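Visitor: I have the model open and would like to know what stands behind the terms used for it. Could you take me through them?
Guide: Gladly; let's look at it together.

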Amino acid sequence: MPALSIPGFESLEAALKHFFGYDTFRPGQQDVMAAALQNQDLLVIMPTGGGKSLCFQLPALLKSGLTIVVSPLIALMQDQVTALEANDIAATFLNSSLGAVEARERCDRILSGTVKLLYVAPERLLNEGFLNFLDQVKAKVGLAGIAVDEAHCVSEWGHDFRPEYRRLAEIRQRYPDVPVTALTATATERVRGDILHQLRLQDPHVHVSSFNRPNLYYEVRPKERNSYNSLYQEIRQQDGASGIIYCLSRREVNELTERLQDDGISALPYHAGLKDADRSQNQDRFIRDHVQIMVATVAFGMGINKPDVRFVIHYNLPRNIESYYQEAGRAGRDGESSRCLLYFSLKDIHTLDWLIDQKVDANGQPLENEQRVARQQMRQMIDYAESTECRRTIQLGYFGETFAGNCGECDNCRHPKPVEDWTVEAQKFLSCVARCKERFGMNHIIDVLRGSKSQKVLSRGHNRLSTYGIGNDKTADQWRRLGRSLLHQGLVAETTDGYPVLKLNNQSWAVLKKERVVQVAVPRTPEKDPTQVDLK
Ligand code: ADP
Ligand code: ZN
């Protein structure tokens with residue numbers, strides 16, 4: 001990269017040290033900042049805790065003019081501004097929590113050119129009075145850039161769609177020459193594409209960090225009658241360190257909190273059924289270390305920046321891998337090693353399945369598309385929980401990232417199940433996918449392999465394929481485990497919108513051409529799969 005000239009500083013590192021006291025950049029930060037200083041539009045995708053904020057904060061301090069930061073949560077805004085002020089950085093926010101006099105004063109300071117970063121909520125940014133104010137700012141002190149934090153809120157495919165975010169394109173039209181930086185920790189292709197399009201980013205520099213969080217240890221445990229004891233032991237071993245326990249329902253949150261309290265553990269509940277004041281008080285006590293454990297529904301966590309959470313326990317099955325990644329990722333934001341445990345039970349599958357059934361439109365008709373996507377995502381979550389492969393490999397694979405496995409920091413890597421050579425079976429499986437013209441899902445492939453006489457197989461003439469019935473020697477369960485393992489290892493692909501359909505990729509062809517062997521931890525002698533339930 002050509003050396004950047006940073007007015008007043010020897011280098012970008014020197015500026016980093018001067019303003020924030022850090023010696024080195026986190027991966028990606030430097031490249032992103034270099035692009036920002038050259039006024040490029042930017043899309044920054046980094047996992048939670050990756051250090052996104054600095055990517056727009058440092059350039060804002062080095063450029064002339066004001067940088068606007070769009071942020072969806074008032075609490076988040078306040079935290080960031082307080083943290084910046086603690087470093088003597090001229091930042092402020094404008095939101096509905098301020099009185100008229102205070103707001104006027106802040107605007108005057110901005111117009112005098114002493115403020116470098118202004119945080120606002122998206123709805124305010126688009127209000128006509130505010131836009132007129134920005135015109136004045138632009139004329140007097142200049143607009144250095146617009147940073148859109150939590151940019152996935154612009155996408156219906158993200159987990160937190162906010163209609164106000166859609167209108168941010170208007171600001172782009174009003175100030176076409178002011179560079180826009182969009183930042184998010186949400187990584188799916190679809191959301192990325194939506195952000196680029198919705199925010200009208202021009203020839204953007206796109207940075208995608210690895211989503212690997214090497215300091216997190218992942219483990220899945222079966223949830224049994226006495227799982228509470230295992231949970232209790234786990235907490236005891238943490239020796240007072242902060243932790244979050246996620247439950248599916250408010251009732252479970254309340255029950256578990258009470259039980260832990262009865263057993264002398266410092267815990268408080270957090271869920272949407274509590275009064276606002278109680279909820280924010282509980283959260284506050286957790287952040288200030290006045291209470292060790294937050295027992296919470298998924299309502300807890302977004303925008304909470306508590307760096308020293310040492311463990312996150314899911315006492316119920318999360319809805320999908322992305323939610324799991326985000327929620328577990330609230331552990332260890334300070335980079336210290338931390339534990340992520342998941343308790344997995346058959347009962348949770350039924351509960352989640354029931355919840356998915358409740359997704360209906362205003363007329364009570366099932367939202368079929370949403371239900372189907374939700375079921376597929378749940379299936380992937382179950383696969384994750386059941387898998388004998390490196391947990392990290394599966395999580396990162398979900399975000400399209402290839403990881404070599406053997407992370408050493410997950411239960412499956414620490415206590416590997418013996419693997420067996422299933423290359424021949426994998427070839428049968430993949431050639432069956434090919435014979436079915438890559439137009440069917442796993443169940444159908446297995447039916448064909450096992451010579452099913454079902455209507456779906458016969459009506460398509462799949463009983464005449466050369467792969468029909470060649471897999472009779474294995475149970476459907478064994479084939480399913482092999483199929484999932486192939487998916488997790490990236491040896492076959494699955495479409496993620498609409499019905500899941502198996503597709504061959506380069507790796508599949510390598511297997512078919514006998515260029516690589518396939519090892520899986522599937523037992524050769526059939527065993528009953530206790531979690532195999534019939535899902536719609
Ligand atoms: P994100 O918004 O991506 O979740 P933050 O910007 O809040 O992450 O950063 C997470 C933590 O890492 C913060 O406490 C921040 O001060 C710290 N941090 C960011 N960049 C660096 C760096 N280069 N060196 C050390 N700490 C950093
Ligand atoms: Zn691993």
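**Helices, a ligand shell and a sheet**

Guide: In this predicted model, the axes of helix α1 (residues 12-20) and helix α3 (residues 52-62) come within 11 Å and cross at roughly 95°.

Visitor: Why is α1 called roughly perpendicular to α3?
Guide: Angles of 65 to 115 degrees count as roughly perpendicular. The two axes cross at roughly 95°, so α1 is roughly perpendicular to α3.

Visitor: Which residues of α1 and α3 meet?
Guide: From α1 come Ala15, Leu16, Phe19 and Phe20, and they meet Leu54, Leu58, Leu61 and Leu62 of α3.

Visitor: What makes the contact of α1 with α3 nonpolar, polar or charged?
Guide: Ala, Leu and Phe are among the residue types that count as nonpolar. The contact divides into eight nonpolar residues, no polar and no charged.

Visitor: α3 interests me. What share does α3 have in the shell around ligand 1?
Guide: The largest share, with three residues. The shell holds 15 residues, and the closest are Tyr22, Gly50, Gly51, Lys52 and Ser53.

Visitor: How do the residues around ligand 1 divide by class?
Guide: Seven are polar, five nonpolar and three charged. Gly counts as polar here, so Gly50 and Gly51, two of the closest residues, belong to the polar class.

Visitor: Now the open sheet. In which order do its six strands run?
Guide: The order is β8-β13-β12-β9-β11-β10, with parallel pairing.

Visitor: What makes β8 and β10 edge strands?
Guide: β8 (216-222) and β10 (267-270) each pair on one side only. As for the turn between neighbouring strands of this sheet, the average is 15°, direction ignored.

Visitor: How do you know that β8 and β13 pair?
Guide: Pairing needs at least two bridges between the strands. β8 and strand β13 (residues 338-344) have seven, in the parallel sense, so they count as paired. Arg221 stands opposite Tyr343 in β13.

Visitor: Which helix packs on the sheet, and which strands does the helix touch?
Guide: Helix α12 (residues 250-262) does, touching β9 (243-246), β10 and β11 (293-296).

Visitor: What would you call the direction of α12 against that of β10?
Guide: The two directions make about 170°. Angles over 145 degrees count as roughly antiparallel, so α12 is roughly antiparallel to β10.

Visitor: And the protein as a whole: how many helices and strands are there?
Guide: There are 23 helices and 17 strands. Of the 536 residues, 40% are buried.

Conventions: Residues are numbered from 1 along each chain as its sequence is written. Chains are lettered from A and ligands numbered from 1 in the order in which they are written. This is a predicted model: local features need pLDDT of at least 70, side-chain atom pairs count only at pLDDT 80 or more; totals for chains, interfaces and linings use all residues. Axes are lines fitted to C-alpha atoms, for helices over the stretch in contact, and angles run from 0 to 180 degrees between N-to-C directions. Helices (H or I, at least four residues) and strands (E, at least two) are DSSP runs, numbered from the N terminus. Angles under 35 degrees count as roughly parallel, over 145 as roughly antiparallel, 65 to 115 as roughly perpendicular and the rest as oblique. Two residues are in contact if their C-beta atoms, placed from the backbone, lie within 7 Å. A residue is buried if 20 or more other C-beta atoms lie within 10 Å of its own, exposed if 12 or fewer, and partly exposed in between; C-beta atoms are placed from the backbone. A residue is near a molecule or strand if its C-beta atom, placed from the backbone, lies within 6 Å of it.
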